[in-house]
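These are my notebook entries on a structure that I looked through element by element. I begin with a pair of helices and then turn to a sheet.

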There are 2 protein chains.
Amino acid sequence: MDFWQVLRERRSSRQFKEAAVEENKLIKVLEAAALAPSPANRQPWEFVVVRNQELKMRIFDASNKAREHLFRVSGWRWLGKYRVDFLKQASVLVAVVGDPEKTGADRLFPGRGEGYQHACAAAVQNMLLAAQAQGLGSLWFSLYDHKEMADLLRLGQNKEVLAIVCLGYSMDDTPRPPKQDVQGKIRFMD
Amino acid sequence: MDFWQVLRERRSSRQFKEAAVEENKLIKVLEAAALAPSPANRQPWEFVVVRNQELKMRIFDASNKAREHLFRVSGWRWLGKYRVDFLKQASVLVAVVGDPEKTGADRLFPGRGEGYQHACAAAVQNMLLAAQAQGLGSLWFSLYDHKEMADLLRLGQNKEVLAIVCLGYSMDDTPRPPKQDVQGKIRFMD
């Protein structure tokens with residue numbers, strides 16, 4: 001699989017077919033996650049794999065209620081229309097769990113200690129790319145109440161569900177959202 | 001370039017040769033960054049490219065002083081021995097700048113609004129992989145005072161240097177640090 005093609009063709013999928021994700025593909029996605037770099041090599045991630053339909057429904061319900069609540073407090077119109085059905089539809093949900101204790105020396109700066117989150121985000125990006133490389137669609141989802149999701153997934157104290165990665169065979173045929181030209185984002189200080 | 005090989009062979013490099021990174025390779029690294037996903041597609045990243053040796057020296061000095069300070073307050077022995085010479089040695093430093101205004105609906109949860117950081121971290125991971133795919137070494141560095149680095153790089157208000165990505169031809173021949181077995185990090189809730 002060509003690296004550049006994987007990078008270019010990865011996109012967020014919000015609609016999935018019924019077909020199950022094969023176990024070996026799922027394992028490769030998780031192995032890819034664990035290859036991400038982390039501050040002081042602390043590897044601050046864990047993965048909770050959810051394929052049980054009842055638990056997916058509870059995750060959907062919690063996220064959908066959170067969405068409705070956010071819509072009420074913000075009035076943001078897209079939140080009113082946004083559907084999180086992919087949480088019931090995706091073959092696998094992988095909760096990416098971060099451990100704030102396993103951060104690097106950034107914790108010594110007052111008000112900081114976010115390095116473990118960045119490492120987990122890098123792990124998620126590896127997962128999305130590894131999914132793409134195997135013909136799977138994926139979605140990086142984080143619109144839920146942290147406490148509620150930690151309870152649902154029975155996390156140990158202080159651990160956080162930093163992302164839920166939805167995996168499945170995509171049937172999302174909506175247009176790919178446009179990316180801004182990177183040239184306008186670069187400043188040279190030479 | 002094979003995707004899996006790039007993923008497996010990426011590692012942090014802390015020693016670089018003198019050879020300059022070619023402009024076209026640098027641009028491909030930045031294009032890769034901009035292909036990362038972001039909440040509500042806000043693309044909350046900007047890139048400051050530093051190849052000027054004097055500015056690299058100032059970034060080195062600031063980071064080295066921060067390191068010495070953290071060593072004094074923590075007594076962590078590795079911080080006393082850690083050398084940040086890669087900041088003067090790398091051919092290019094790319095500061096990855098995040099804009100907290102460009103986060104998603106996560107900001108509507110009290111105490112949150114970190115999505116832009118996660119997106120920038122995903123962009124960094126794409127950069128590291130794109131460097132690897134082009135035979136470049138890289139390092140994800142974040143051990144500096146945020147305010148000081150923002151001033152050095154003349155950032156607009158509220159923008160943050162979330163990472164400095166060092167790029168160059170690696171001559172780091174230290175052993176690759178071990179990764180924990182991912183199997184021990186997975187919990188199935190099926």
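Entry one, the helix pair. I looked up how H6(A) passes H6(B), and the crossing is right-handed, a word used when the near helix is turned clockwise from the far one by less than a right angle, whereas anticlockwise would be left-handed. Helices here are DSSP runs of H or I with at least four residues, strands are runs of E with at least two, and both are numbered from the N terminus. I must keep in mind that this is a predicted model, in which local features need pLDDT of at least 70 and side-chain atom pairs count only at pLDDT 80 or more, while totals for chains, interfaces and linings use all residues. Residues are numbered from 1 along each chain as its sequence is written, and chains are lettered from A and ligands numbered from 1 in the order in which they are written.

Entry two, the contact. I found that residues 115–133 form helix H6 in chain A and also in chain B, and that the two pack at an angle of about 60° with their axes 8 Å apart; axes are lines fitted to C-alpha atoms, for helices over the stretch in contact, and angles run from 0 to 180 degrees between N-to-C directions. Among the residues that make the contact are His118(A) and Gln125(A) of H6(A), and His118(B) and Gln125(B) of H6(B), where contact requires C-beta atoms, placed from the backbone, to lie within 7 Å.

Entry three, the sheet. I traced five strands in an open sheet of mixed pairing, in the order E5(A)-E1(B)-E2(B)-E4(B)-E3(B); two strands pair if DSSP finds at least two bridges between them. E5 (186–188) of chain A and E3 (137–141) of chain B stand at the edges with a single partner strand each, so one side of each is left without a neighbour in the sheet.

Entry four, strand E2(B). I noted that E2(B) pairs with E1(B) in the antiparallel sense over six bridges, with Val50(B) opposite Leu93(B), and that seven bridges join E2(B) to E4(B), again antiparallel, with Gly98(B) opposite Glu160(B). Is E2(B) enclosed by the rest of the structure, or left open? Seven of its seven residues are buried, so E2(B) is largely enclosed; buried means 20 or more other C-beta atoms within 10 Å of a residue's own, exposed means 12 or fewer, and partly exposed lies in between, with C-beta atoms placed from the backbone.

Methods. Two residues are in contact if their C-beta atoms, placed from the backbone, lie within 7 Å.
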